[in-house]
Amino acid sequence: MSGAGKSRPVRLGPRSTAALVLVGAVGVAGFGWPFLAPPDSAVGAHAQDAPWLFAGLLVLLVAVVAAAISESGLGPKAVAMLGVLAAAGAALRPLGAGTAGLEPMFFLMVLSGRVLGPGFGFVLGSVTMFASALLTGGVGPWMPFQMLALGWFTTGAGLLPGAERLRGRAELFLLSGYGFLAAFAYGTLMNLAGWPFMGALASNIAFAPDAPLPVNLARFATYCLATSLGWDLGRAVLTVVLTITLGPAVLKALRRATRQAAFETQVTFDAS
C-alpha cells in the first residue's frame, strides 16, 4: 500500500537534500575535529575555541536546512503537526532529566520519524531539542550539537526500511533496535561535543591536541566508559521499553492523524 509514503508531510527535494548533506558534513567536522585534525595542525592550538566556532556555525546551518525543507513543502498542516509533536517532546524531556539518563522524549522521536519521514524528522528533532533547552534552561554551546544530534536521530528513524509495508511486531522490533543503538550514538556524539572542553581537568582521559590519533581514541573511549555509559544505557533501555509498550498506540495515532491531515492537499479559503 502506498498511502503511507504519499501522506508524509515533507518530501525531500534536491535543495533540501543538498542542505542536509551540507549540514551533515559540517556536523561531522564539528563533532569529530579532535580526530580529524593532525597533531601538528593549528586547530589543536585552539582546542577551547573550536567547539564555540562549530556551535555558532551549526546554528546557522540548521536554520538553513529548516528553511530549505520548509520551502520544499512544509505547509500549514505540517507546521501544526510539528508544533504539537515538538511541544510533546519538549514536555517529556524534563520528566526524566537528571535521573540515570532516562529521557522519554527519544521514543517519540523514533516513532514520529518513522511515520512522518526523514525530512520532517530532522526539523522535528532540531526544534524539539531547541524547545526543551529553553524549557529546562539548558542553553549553552552544547545546544546546537544537541539539536543536530537529535535531528540525525529522528531522520534515521525515517530512513528505516519497510515504512509502507512493515507492521506489527516486526516493525516494533526494528524501531526498538534502532532506538537502542541510536540512543548510544546520540550519547557518544554529545561526548564528542564536550570532551575537548575538559582541558587539564582530567589529564588521563582529556583530549590531548598534540597526541596521535590512537592515543586520543583510547582517551575518548575511557572518557565515555567513565562518564556516560550508565546514562546512555538508561536512555537506550527506556526507549526500547516505551517503544514496545506504547509504540502500537502512538504509531496508530500518528498514522491516522497524518492520513486525516492530507498534507499534500492544498489549503484553500472560500471567497465568501
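In the predicted model, helices α5 and α8 pack at an angle of about 125 degrees, and their axes are 10 Å apart. That angle makes α5 oblique to α8, and the crossing of the two helices is right-handed. On the α5 side, the residues involved are Phe-106, Val-110, Leu-111 and Arg-114. Their counterparts in α8 are Glu-171, Leu-174, Leu-175, Tyr-178, Gly-179 and Tyr-186.

Helix α5 comprises residues 105-116, and its 12 residues should span 16 Å at 1.5 Å a residue. The end C-alpha atoms of α5 are 16 Å apart, which agrees with that expectation. Burial extends over the whole of this helix: 12 of its 12 residues are buried, so α5 is largely enclosed by the rest of the structure. The buried set includes the charged residue position Arg-114 as well as Met-105, Phe-106, Phe-107 and Met-109. Gly-117 follows α5 and has a positive phi, near 95 degrees.

Helix α6 covers residues 118-136 and contains Thr-128. At 0% relative accessibility, Thr-128 counts as buried. Leaving aside neighbours within four places in sequence, Thr-128 is in contact with Met-105 and Met-109, both of which belong to the buried residues of α5. The other contacts of Thr-128 on this basis are Leu-85, Ala-86, Gly-89 and Ala-90. Gly-121 is also found in α6 and is likewise buried, with a relative accessible area of 0%. When residues up to four places away in sequence are not counted, Gly-121 touches Gly-151, Thr-154 and Thr-155. The C-alpha atoms of Gly-121 and Gly-156 are separated by 8.2 Å, although their positions lie 35 residues apart along the chain when counted as a sequence separation.Helix α2 (residues 14-36) departs from the span of a straight helix. Its end C-alpha atoms are only 29 Å apart, short of the 33 Å that a straight helix of 23 residues would reach at 1.5 Å a residue. A kink of about 50 degrees lies at Gly-30 in α2, shortly before the proline Pro-34. Both Gly-30 and Pro-34 are among the buried residues of α2. Further buried positions in this helix include Ser-16, Ala-19, Leu-20, Val-23, Gly-24, Val-26 and Gly-27, together with Phe-31, Gly-32 and Trp-33.

The axes of α2 and helix α7 (residues 143-158) come within 11 Å and cross at roughly 125 degrees. The two helices are therefore oblique to each other, and their crossing is left-handed. Val-23, Gly-24, Gly-27, Val-28, Gly-30 and Phe-31 form the α2 side of the contact, so named with the kink position Gly-30. Phe-145, Leu-148, Ala-149 and Trp-152 form the α7 side.

Trp-152, placed in helix α7, is partly exposed, with a relative accessible area of 25%. Not counting residues up to four places away in sequence, Trp-152 touches Val-23, Gly-24, Gly-27, Val-28 and Phe-31. Phe-122, Tyr-178 and Leu-189 are also touched by Trp-152. One of these, Tyr-178, is a residue of α8 that meets α5. Trp-152 and Ala-182 are 30 residues apart in sequence, and their C-alpha atoms are 9.3 Å apart in space.

Leu-192 lies in helix α8 (residues 168-194) and is buried, with a relative accessible area of 11%. With residues up to four places away in sequence not counted, Leu-192 touches Phe-31, Phe-35 and Phe-220. The separation of Leu-192 and Phe-31 is 161 residues in sequence but 5.7 Å in space, C-alpha to C-alpha. Phe-31 also takes part in the contact between α2 and α7.

For the protein chain overall, the model contains 10 helices and zero strands. Buried residues make up 49% of the 272 residues in the chain. Among contacts between residues at least 6 apart in sequence, 82% join residues at least 24 apart.

How values were computed:
Residues are numbered from 1 along each chain as its sequence is written. This is a predicted model: local features need pLDDT of at least 70, side-chain atom pairs count only at pLDDT 80 or more; totals for chains, interfaces and linings use all residues. Side-chain values use heavy atoms; hydrogens and water are left out. Helices (H or I, at least four residues) and strands (E, at least two) are DSSP runs, numbered from the N terminus. The expected span of a helix is 1.5 Å times one less than its number of residues. The bend at a residue is the angle between axes fitted to the seven residues ending there and the seven starting there. Buried means under 20% relative accessible area, exposed over 50%, partly exposed in between (1.4 Å probe, protein chains only). Axes are lines fitted to C-alpha atoms, for helices over the stretch in contact, and angles run from 0 to 180 degrees between N-to-C directions. Angles under 35 degrees count as roughly parallel, over 145 as roughly antiparallel, 65 to 115 as roughly perpendicular and the rest as oblique. A crossing is left-handed if the near helix is turned anticlockwise from the far one by less than a right angle, and right-handed if clockwise. Contact means heavy atoms within 4.5 Å.
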